[in-house]
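User: I should like to learn how the features of a protein model are to be read, from the whole chain down to single residues. Please give the general idea each time, and then the case at hand.

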Amino acid sequence: MAVTRDVAGRRYAVAVALLAREHGDWEAWAASLEALALLTEAAGSLAALAADEVDEERFLQIAREAAPGAGPLQLNLFRLLRQKRRLALGPSIASYFLEIWDVEREVVRAELRTAVEVSEERQEAIAAALAERRGGGTVMLSATVDPGLLGGAVVRVGDHLVDGSTRTRLRALRARLVAGG
């Protein structure tokens, strides 16, 4: 499911990233924010968490169950979002935070779409080649099978798209043949 990203979510994520950097607990924040996102992404659960029947103690109990590793700072964020009626920002905050953390640790996310399943070994080789092409860092590759592709692959790294699909190659060949004739 695509996350709707909100400017307010980015502001919270930046503040959380400053805390994570200061305390050196990026992983704890990432886990807690992922739990917050899962807890608040459905409208029904969001309404239940914000209901008057759920007092603060019950809310914190639910938050602790959802994010067992959450410390006092993470729980304070959950409480603050509930008090300000901003729990719906959970998925947005988590999305922005992961983006900030990726920059911090020099991680780039890439998407690979292919017509057929690609082995784990091949995925690792592609990720390594992308990292080398970028001049270092880590590339986290997510692979999906796209039955709409005839063959080949499409790779997206950030805003950069490399379309090596058979359909695109056939269109380019057709254009060259038409232009040459």
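Analyst: The discussion below proceeds from confidence to overall form, then to one helix, the cores and selected residues. The model is predicted: local features need pLDDT of at least 70, side-chain atom pairs count only at pLDDT 80 or more, and totals for chains, interfaces and linings use all residues. Residues are numbered from 1 along each chain as its sequence is written, and side-chain values use heavy atoms, with hydrogens and water left out.

User: What pLDDT does the protein average, and where is confidence lowest and highest?

Analyst: The pLDDT is the predictor's confidence in each residue, from 0 to 100. Where it is low, the predicted coordinates should not be read in detail. Here the average is 89, and 98% of the residues score at least 70. Strand β4 (residues 160-165) has the lowest confidence, with a mean of 81, while helix α1 (residues 7-23) has the highest, at 96.

User: How many helices and strands does the protein have, and what pattern do they follow along the sequence?

Analyst: Helices (H or I, at least four residues) and strands (E, at least two) are DSSP runs, numbered from the N terminus. The protein has eight helices and four strands. Along the sequence the pattern is α-α-α-α-α-α-β-α-β-β-β-α. The radius of gyration, taken over C-alpha atoms, is compared with a globule rule of 2.2 Å times the number of residues to the power 0.38. For this protein of 181 residues the radius is 21 Å, well over the 16 Å of the rule, so the protein is more spread out than a compact globule. The C-alpha trace spans about 75 × 35 × 30 Å along its principal axes.

User: How is a single helix such as α1 to be examined, and which of its residues are buried?

Analyst: One may begin with its span, for which the expected value is 1.5 Å times one less than the number of residues. Helix α1 has 17 residues and reaches 25 Å from its first C-alpha to its last, close to the expected 24 Å. Burial is judged by relative accessible area: buried means under 20%, exposed over 50%, and partly exposed in between (1.4 Å probe, protein chains only). In α1 the buried residues are A8, G9, Y12, A13, V16, A17 and A20. These pack against α2, α5 (72-83) and α6 (90-104), where contact means heavy atoms within 4.5 Å.

User: What is found at the two ends of α1?

Analyst: A polar contact is a pair of N or O atoms within 3.5 Å; within protein, one must be able to donate a hydrogen and the other to accept it, and residues adjacent in sequence count only if both atoms are side-chain atoms. D6 caps the N-terminal end of α1, with a side-chain oxygen 2.7 Å from the backbone nitrogen of A8. After α1 comes G24, whose phi is positive, near 65°.

User: Which residues touch the most other members of the largest nonpolar core?

Analyst: In soluble globular proteins, nonpolar side chains tend to be buried together. A nonpolar core is a set of buried Ala, Val, Leu, Ile, Met, Phe, Trp, Tyr and Cys residues joined through side-chain atoms within 4.5 Å. The largest has 35 residues, of which L33 and F97 touch the most other members. Helices α1, α2, α3 (43-50), α4 (56-66), α5 and α6 each supply at least two residues of this core, and α2 gives the most, with eight. Apart from this core lies another, of twelve residues, among them L112, V118, A131 and V155.

User: Is T40 buried or exposed, and which residues does it touch?

Analyst: T40 is in helix α2 (residues 26-40), and its 2% relative accessibility makes it buried. Not counting residues up to four places away in sequence, T40 touches S45, L46, L49, L87, G90 and P91. The side chain of T40 reaches the backbone oxygen of L87 at 3.4 Å.

User: Where are R85 and E106 found, and what is the phi of each?

Analyst: R85 is in the loop between α5 and α6, and counts as exposed because its relative accessibility is 65%. R85 is not a glycine, yet has a positive phi of about 55°. E106, in the loop between α6 and β1 (107-114), is likewise not a glycine and has a positive phi of about 60°. At 57% relative accessibility, E106 counts as exposed.
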